[in-house]
Amino acid sequence: MINLEWLRTFKSVYETQSYTKAAKELYISQPGVSLHIGSLEAYVGYSLFERISKKLIPTEKAKILYNFTLEPLLKLETAEQTFHKTTKTERPTVSVGMCFETFQFTLEKHIPTFDFNVIIRFGLYEQMFSDLDNGLLDLIITPRKTNLKNLNFEAFSKEKIVLINGTGTDTSEFQKLIKTNKIEEAENWLKQQIWYSTAADMEHLNNFWKANFNRHPDFKPNYIVPNICSIVRCLSGNSGFSIVPDFLCKKEIANGGIEITWEGHNKIENTLHFGERTKNMVQNEIDEIKSIFRNENF
């Protein structure tokens, strides 16, 4: 059976590229590190590191092993820290699910002020509903609802999905076409422009296009970036278009870096909800987080 300490030592050597640094990090001797790596190599049957210019360079097999074992090791380290016996007063822990952009816009700046532990998780809303129902999450921020009987949903704000452009973009032709109700020509003009989107979610683009042009968009964005906040930063003061929730670019609009090009003939608004279980052991902490969202300028 593989020894867990071998894998922890392997992870440290992989990340530090040094037996000496790994030994300091793990509070063990350098010969102990060498023994763990040698034992692991004997177990798996191949070399894990090559020494090049005083650095330990991982082999291809080591890269595969690292990717397979990293997440489980991190989870074990988190469990060790969480359940390690301590004399400190136990702090409540609240797990909150939402999209990355909503976290950045609302909750991120408040994290250091909480006197309780907070775990933030991002993901698909369907998975969040399941995790909330199963007790893995305590609160979710969502534009959707589900009919699971143990969950309650409370509306608290709205977001408008709009077409935006960087202020380096000439939109005069598009505005003239919209004013004269030449929708098809306006659509064709937009399709020739520079577009930004995210890798994980093109839902806003698809819904806006279908609502206002009666079809799915049949073009590919030019730039795929990690999240909507990246889109807003890239567009600010530059050329190009995207379709995003309006509250995520209010600051840039006020600063003159971004403009709302068009809200659409058929405006799209999403109602944002708090989702939580009917019974909760951390209700006071949940209420504190909810009050922050209510005070934000959506």
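Start by selecting Glu60, which you will find in helix H4, residues 60-83. Since this is a predicted model, everything on the tour describes that prediction. Is Glu60 buried or exposed? With a relative accessible area of 56%, Glu60 is exposed, because the cut-off for that word is over 50%. Now add Phe174 to your selection and draw a line between the two C-alpha atoms: it spans 52 Å, for residues 114 places apart in sequence.

**Stop 1: the core around Phe174**

Stay with Phe174. Together with Leu163, Leu190, Trp195, Trp209, Ile243 and Trp262, Phe174 is among the residues with the most contacts inside the largest nonpolar core, which has 19 residues. To see where this core comes from, colour strand S6 (151-166), helix H7 (172-179), helix H8 (183-191), helix H9 (203-213) and strand S9 (241-245); each of these elements gives two or more residues to the core. Another core, of 18 residues, lies apart from this one, and Val13, Ala23, Leu40 and Tyr66 are among its members. Keep Val13, Ala23 and Leu40 in mind, as they return later in the tour.

Next, centre the view on Trp262. Which residues is Trp262 in contact with, leaving aside its neighbours within four places in sequence? They are Val162, Leu163, Phe174, Ile178, Phe208, Asn212 and Phe213.

**Stop 2: Asn212**

From that list, pick Asn212, which sits in helix H9. Its relative accessible area is 7%, so Asn212 is buried. Show its surroundings and, not counting residues up to four places away in sequence, you will see Asn212 touching Ile183, Trp262, Gly264, His265 and Asn266. Zoom in on His265: its backbone nitrogen lies 2.8 Å from a polar atom of the Asn212 side chain. For another distance, select Lys160, 52 residues away along the chain; its C-alpha atom and that of Asn212 are separated by 14 Å.

**Stop 3: a loop beside H7**

Move to Asn181, in the loop between H7 and H8. Asn181 is not a glycine, yet its phi is positive, about 60°. Asn181 counts as exposed, at 53% relative accessibility.

A second residue of this kind is Gln17, in the loop between H1 and H2. The phi of Gln17 is near 60°, again a positive value in a residue other than glycine. Gln17 is partly exposed, with a relative accessible area of 25%.

**Stop 4: the helices on either side of Gln17**

Two packed helices are described by the angle between their axes and the distance between the axes. Try this with helix H1 (residues 4-16) and H3: the axes come within 9 Å and cross at roughly 110°. H1 and H3 are therefore roughly perpendicular to each other. Show side chains to see Glu5, Trp6, Leu7, Thr9, Phe10 and Val13 of H1 meeting Val33, His36, Ile37, Ser39, Leu40 and Tyr43 of H3. By class, this contact has eight nonpolar, three polar and one charged residues.

Now switch to helix H2 (residues 19-26) and helix H3 (residues 30-44). At what angle do they pack? The angle is about 105°, and the axes are 8 Å apart, so H2 and H3 are also roughly perpendicular to each other. Here Tyr19, Thr20, Ala22 and Ala23 from H2 meet Gln30, Val33, Ser34 and Ile37 from H3. Five of the residues in this contact are nonpolar, three are polar and none is charged.

**Stop 5: Thr102**

Select Thr102, in helix H5 (residues 100-107). Thr102 counts as buried, at 9% relative accessibility. Setting aside neighbours within four places in sequence, Thr102 is in contact with Leu107, Ile141, Phe247 and Phe293.

**Last stop: Asn280**

Finish in the loop between strand S11 (268-277) and helix H12 (283-295), where Asn280 has its place. Is Asn280 buried or exposed? At 16% relative accessibility, Asn280 counts as buried, because the limit is under 20%. Beyond its neighbours within four places in sequence, Asn280 is in contact with Asp138 and Ile286. Follow its side chain in two directions: a polar atom lies 3.4 Å from the backbone oxygen of Asp138, and the side chain also reaches the backbone nitrogen of Val282 at 3.4 Å.

Note on methods: Residues are numbered from 1 along each chain as its sequence is written. This is a predicted model: local features need pLDDT of at least 70, side-chain atom pairs count only at pLDDT 80 or more; totals for chains, interfaces and linings use all residues. Side-chain values use heavy atoms; hydrogens and water are left out. A nonpolar core is a set of buried Ala, Val, Leu, Ile, Met, Phe, Trp, Tyr and Cys residues joined through side-chain atoms within 4.5 Å. Buried means under 20% relative accessible area, exposed over 50%, partly exposed in between (1.4 Å probe, protein chains only). Helices (H or I, at least four residues) and strands (E, at least two) are DSSP runs, numbered from the N terminus. Contact means heavy atoms within 4.5 Å. Axes are lines fitted to C-alpha atoms, for helices over the stretch in contact, and angles run from 0 to 180 degrees between N-to-C directions. Angles under 35 degrees count as roughly parallel, over 145 as roughly antiparallel, 65 to 115 as roughly perpendicular and the rest as oblique. Ala, Val, Leu, Ile, Met, Phe, Trp, Tyr, Cys and Pro count as nonpolar, Asp, Glu, Lys and Arg as charged, and the others, Gly among them, as polar. A polar contact is a pair of N or O atoms within 3.5 Å; within protein, one must be able to donate a hydrogen and the other to accept it, and residues adjacent in sequence count only if both atoms are side-chain atoms.
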